[in-house]
Amino acid sequence: MNMQQLVINGKNKLQGEIEISGAKNSVLALLAATVILNGKTTLTGCPELSDVYSTCQILTSLGCSCKRKGNSITVCSDDIHKSDIDHSLMMKMRSSILFMGALLARFKSRPCEVFYPGGCPLGDRPIDIHISALSKLGAVITENGGKLICKAPNGLKGADISLMFPSVGATENIILASVLAKGETNLSNCACEPEITDLCRFLNKCGAKIYGYGTPNIRIVGVEKLYGCEYKVCPDRIETATYMGCAAVTGGELILNSADTSSMTAVVPVFEQMGCKIYAREHSILIAAPGQLKPVKNIRTMPYPGFPTDAQPIVMAALATAGGTSVIVETIFPNRFGQAAELVKMGADIRIENDVAIISKSGGLYGASVKCHDLRAGASLVVLALACEGKSILSDIYHIDRGYECLEQKLNAVGGDVVRTY
Ligand code: EPU
């Protein structure tokens with residue numbers, strides 16, 4: 001798998017329509033949630049991604065049945081019998097940690113064993129907020145050589161929990177653990193990301209009582225049981241931003257169908273400042289790019305509804321083609337400029353000083369052999385390769401396959417020249 005590469009010939013103007021897939025970061029949380037449901041759940045709009053596959057492997061390893069048919073995945077956890085997850089499966093992605101909350105809710109006093117999760121190398125990614133919040137709900141979590149042994153000897157009980165940072169994963173873990181807890185949980189300073197809203201809508205459809213999601217204050221009234229249902233995964237806002245980047249750097253014009261415009265409010269103005277014209281309908285976005293992008297001086301990544309850190313590498317690639325100096329401040333992750341050194345190999349002029357990136361007008365962009373450092377860094381290389389003169393060869397593309405469904409097919413259908421080699 002590691003040997004696969006993407007060969008991209010740049011300078012083709014992209015024109016046409018792209019269908020946006022279901023959100024990776026939503027479907028992963030929804031799949032983890034199926035552990036606490038009775039009966040069958042069918043999730044529709046599930047993208048074909050390696051992270052989704054790995055999450056299904058976790059479910060299967062626990063004894064759940066998990067079947068994919070096209071873009072639908074049907075899970076039934078009625079026969080779940082294992083309460084521990086192998087180290088190798090936990091290491092595949094960050095979202096595996098969501099099974100901690102889900103298994104605690106399912107097994108309560110029976111010990112569950114998980115490990116520290118894997119995921120993109122974006123600097124230190126602790127889980128202290130997850131652990132302290134779950135402890136407030138009655139969980140006892142002990143660590144033994146990287147293994148986390150979790151149980152709730154007296155069951156889980158609702159609590160008032162205030163997060164020191166609105167962590168997406170911690171918010172999801174608390175929601176998963178508290179929907180079946182006794183009594184009420186009041187969560188403050190929690191994450192507001194659309195994927196949290198999707199998880200809450202899904203759980204409410206299964207019978208949960210969650211209020212206030214999409215805001216920093218969520219109230220959860222524990223219920224006795226939850227029942228599986230059919231649910232459509234929300235559109236992927238980062239995939240949407242990525243194709244906006246692809247249109248922007250090629251002077252192209254793309255219509256992104258099935259996009260969730262309401263989740264793009266911090267991203268759209270950035271592309272507008274670059275000089276792109278954007279026409280947003282409720283479920284589609286048209287982006288028309290100028291011949292030369294303009295720089296943007298003040299992008300700062302923030303928790304939702306601020307500018308998403310996941311779109312930062314993509315926007316950096318787009319700004320590398322702009323006719324002036326741009327500045328990006330990364331506030332969410334301590335080390336999320338892994339793409340910069342590779343973008344520079346393609347001729348980008350990028351200077352990094354701690355959490356600030358200064359992107360200046362390039363003296364010329366040309367195809368190069370580059371390596372994907374992580375998922376969104378990989379996507380940023382695709383974006384810049386589309387703008388380069390000549391051929392780029394991207395290696396370590398397994399990172400990209402974690403989060404982009406049919407990337408080369410989607411790009412080639414709108415005029416791109418992207419070939420996967422084996
Ligand atoms: N943090 C802590 N302690 C914790 C949890 C988080 O210090 O217990 C810190 C992290 O180290 C980081 C910041 O808080 O500096 C944000 O982390 P958060 O928990 O919000 O992120 P996450 O749940 O690990 C999810 C997405 C990421 C996305 C971030 C921020 C999933 C599976 N992952 O990660 O997506 O960047 O939220 O929006 O939902 C991606 O898709 O490429 C990706 C990395």
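How many bridges join S4 to S5, and do these strands run parallel or antiparallel? In this predicted model, the two strands are joined by five bridges and run antiparallel. One of the pairs places Arg68 against Ile73, its bridge partner in S5. S4 and S5 together form a hairpin with two residues between them, and in the turn Gly70 adopts a positive phi of about 60 degrees.

The hairpin belongs to an open sheet of four strands, arranged in the order S4-S5-S3-S13, in which the pairing is mixed. Because strand S4 (65-69) and strand S13 (230-232) each have a single partner strand, they stand at the edges, and one side of each is left without a neighbour in the sheet. On average, and with direction ignored, neighbouring strands of this sheet are turned by 15 degrees against each other.

The mixed character of the pairing can be followed from strand to strand. S5 pairs with S3 in the antiparallel sense over four bridges, and here Thr41 has Val75 in S5 as its bridge partner. On passing from strand S3 (residues 40-44) to S13, by contrast, the two strands run parallel and are joined by three bridges; Thr42 stands opposite Glu230 in S13.

Helices H7 and H2 are both placed against strands of this sheet. Helix H7 (residues 194-205) packs on the sheet where it touches S3 and S13, and the direction of H7 makes about 160 degrees with that of S13. Helix H2 (residues 50-62), for its part, lies across S4 and strand S5 (72-76), and runs at about 150 degrees to S4.

A further packing arrangement is formed between two helices. Helix H8 (residues 237-249) and helix H10 (residues 312-319) pack at an angle of about 5 degrees, their axes being 9 Å apart. Since angles under 35 degrees count as roughly parallel, H8 and H10 are therefore roughly parallel to each other. On the H8 side, the contact is made by Ile238, Ala241, Thr242, Gly245 and Val249, which meet Ile314, Ala317 and Ala318 in H10. Of the residues in the contact of H8 with H10, six are nonpolar and two are polar, while no charged residue is included.

Methods
Residues are numbered from 1 along each chain as its sequence is written. This is a predicted model: local features need pLDDT of at least 70, side-chain atom pairs count only at pLDDT 80 or more; totals for chains, interfaces and linings use all residues. Side-chain values use heavy atoms; hydrogens and water are left out. Two strands pair if DSSP finds at least two bridges between them. Axes are lines fitted to C-alpha atoms, for helices over the stretch in contact, and angles run from 0 to 180 degrees between N-to-C directions. Contact means heavy atoms within 4.5 Å. Angles under 35 degrees count as roughly parallel, over 145 as roughly antiparallel, 65 to 115 as roughly perpendicular and the rest as oblique. Ala, Val, Leu, Ile, Met, Phe, Trp, Tyr, Cys and Pro count as nonpolar, Asp, Glu, Lys and Arg as charged, and the others, Gly among them, as polar.
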